[in-house]
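Biologist: I'm new to this one. Could you walk me through it, feature by feature?

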Amino acid sequence: MNAQYFEEIALPMPLTQSAFAIADRFAAAQPSGSKRDQVRHNTLAVQVVADYLHLMGIATAVSDGDSWNAVTQLCSNVADLVIPGVGRLECRPVTDFPADCYIPADVWHDRIGYVVVHLDLDVKQEGLILGFVPAVTQENLPLSQLGTIDDLLSHLFALRTQSVTETQTSSTMAQASLERTKLTQWLDQLDQWVDRGWQAIEQLLSPAQLAPAYAVRHDPQDPDTVEFVTQAKRLDWQRGDIPVIFIAGVAELPEAVRIRIQVFAIEPTSNLPQDLRLQVLDEMGHVFLETVSGHHDRGLQLVFEGERGEVFAVQLGYQGEMIVEHFEI
C-alpha cells in the first residue's frame, strides 16, 4: 500500500491554526527536540480524529485525555482521545507512508481502538485518517491491517449501545434493590412494613376468605407444619379487573429460610382467571418455579427455601400484563 492508495481511500481533515497552536504549546513544554516532535504530532493526530468525530455527531472530551496532561506527555508516548461513556481511542500519527505504524506498549490496554492518522504538516496541512483497528498485540501495526473509517463508526456505535444497555440494566437493578422487600426482617420487625404496602392478612381478607377451603395448587413440600410470618397486599391490574390478594410468608428453619407465595381472588366467591401465571425468578431473571391457574382455582401457591441475603422476584402474568414484586430473603 502506497501513498496514492491511502490518498484515494482515506479521509482528509484540515489541520486548523487552533490545532497547531495547541500542539506547539504542548511541544514547547518538552525538554528535547525528539520529544517535542512526538508530543506535537500526537496532539495534532488527536485533534484530527476529534474534529472528524465532531462532524459525525460524536461527542469527545479532548482535554480529559492523558495526551492533554503535561506530566503524561513527558513520561509516555500517548495520543488518547476520550469519548464520554465509551472509552479512550488511541490516535497514532505517521508523517510518511511506512509499511507499519508504531504502537507503544504503554497504550495496548485501556483503549477501545486505534486510529492511524497521516500528518501532512507542510504542503497540504491536513490530517489523513488512514484507518482503524479495534485492538493491537504488537508494536508495529501493518497499515495493510487497517479497517475503514466506517468500521470505526460501527465499532463506536456498538460500544455506545452496549454502554447504554449496561447503564439501563444497572439502573434497573439499583431500582429493584431499593424496592426489595426483606422478608427475614418480618420475623422480628413486622410493624415497619405496613407503610410499604404490606398489611396483615386479616386487614385485607374476610373470615370467609381466610377459611381453609381454597382449592390451592400446592408445592410438593408441606408448609402446614411450619409457622409462617405473613403479610399481604392487593395487586391491581392496569385494566382494572380481577384484583388479587398477594400473600408472602417467611419461616425460619434450622438450616434455611422457607418462603411461601400465595395469590387469591379478592372476592371470596370468585375463582382466579384461567391461565394466570405465578412465577418465581432467580437473581438473573430465570424462572425456577412456576404454576398456572386452571378453570376452578381459587388461589395459587409456591413454596421454596433459600438462604438469608438471596434475592428473587415474583412475577404474576395474565394476558400479556405483568406485575413483579422484588424480595430479599
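Biologist: Let's start with phenylalanine 26: is it buried or exposed?

Modeller: This is a predicted model, so keep in mind that we're reading a prediction. Anything under 20% relative accessible area counts as buried. Phenylalanine 26 has 9%, so it is buried. Tryptophan 68 counts as buried too, at 18% relative accessibility.

Biologist: How many aromatic pairs does a search of the whole structure find?

Modeller: Eight. Phenylalanine 26 and tryptophan 68 form one of them, an edge-to-face pair with 5.1 Å centre to centre and 90° between the planes. Phenylalanine 26 sits in helix H2, while tryptophan 68 is in the loop between H3 and helix H4 (70–75). They are 42 residues apart, and the pair links distant parts of the chain.

Biologist: What kind of aromatic pair do tryptophan 198 and phenylalanine 246 form?

Modeller: A tilted one, 6.0 Å centre to centre with 45° between the planes. Tryptophan 198 lies in the loop between strand E8 (181–182) and helix H6 (201–204), and phenylalanine 246 is in strand E11 (residues 244–252), so the pair ties together parts 48 residues apart in sequence. Both tryptophan 198 and phenylalanine 246 are buried. They also belong to one aromatic cluster, together with Trp186, Phe288, Phe304, Phe312 and Phe327.

Biologist: Now the core. Which residues have the most contacts inside the largest nonpolar core?

Modeller: A nonpolar core is a set of buried residues of certain types joined through their side-chain atoms. The largest here has 34 residues, and those with the most contacts inside it are Leu44, Val49, Leu53, Leu81, Leu89 and Val115. Helices H2 (17–28), H3 (33–55) and H5 (149–179) each supply at least two of its residues, and so do strands E2 (80–83), E3 (87–94), E5 (113–120) and E6 (126–133). H3 gives the most, with nine residues.

Biologist: What does valine 49 touch?

Modeller: Leaving out residues up to four places away in sequence, valine 49 touches Leu81, Leu89, Cys91, Val115 and Val117. Apart from that core lies another, of 28 residues, among them Leu235, Ala248, Ile261 and Tyr318.

Biologist: And where is alanine 19?

Modeller: Alanine 19 is in helix H2. With a relative accessible area of 4%, alanine 19 is buried. Again leaving out residues up to four places away in sequence, alanine 19 touches Leu44 and Gln47. Its C-alpha atom is separated by 8.0 Å from that of threonine 43, 24 residues apart along the chain.

Biologist: I noticed the cysteines. How many disulfides does the structure hold?

Modeller: A disulfide is a covalent bond between the sulfur atoms of two cysteines. This structure holds zero. Cysteine 75 counts as exposed, at 60% relative accessibility, whereas cysteine 91 counts as buried, at 0%.

Biologist: Last thing: which element has the lowest mean pLDDT?

Modeller: Where pLDDT is low, the predicted coordinates should not be read in detail. Strand E9 (residues 216–217) has the lowest mean, 46, and E3 the highest, 96. Over residues 212–220 the pLDDT is below 50, though this stretch has 24 contacts in the model beyond near neighbours in sequence. For the protein, the mean pLDDT is 83, and 83% of its residues reach 70 or more.

Biologist: And what does the secondary structure come to?

Modeller: Seven helices and 17 strands. Of the 329 residues, 47% count as buried.

How values were computed:
Residues are numbered from 1 along each chain as its sequence is written. This is a predicted model: local features need pLDDT of at least 70, side-chain atom pairs count only at pLDDT 80 or more; totals for chains, interfaces and linings use all residues. Side-chain values use heavy atoms; hydrogens and water are left out. A nonpolar core is a set of buried Ala, Val, Leu, Ile, Met, Phe, Trp, Tyr and Cys residues joined through side-chain atoms within 4.5 Å. Buried means under 20% relative accessible area, exposed over 50%, partly exposed in between (1.4 Å probe, protein chains only). Helices (H or I, at least four residues) and strands (E, at least two) are DSSP runs, numbered from the N terminus. Contact means heavy atoms within 4.5 Å. pLDDT is the predictor's confidence in each residue, from 0 to 100. A disulfide is a pair of cysteine sulfur atoms within 2.5 Å. Rings of Phe, Tyr and Trp (its six-membered ring) pair if their centres lie within 6.5 Å; planes under 30 degrees apart count as stacked, over 60 as edge-to-face and the rest as tilted.
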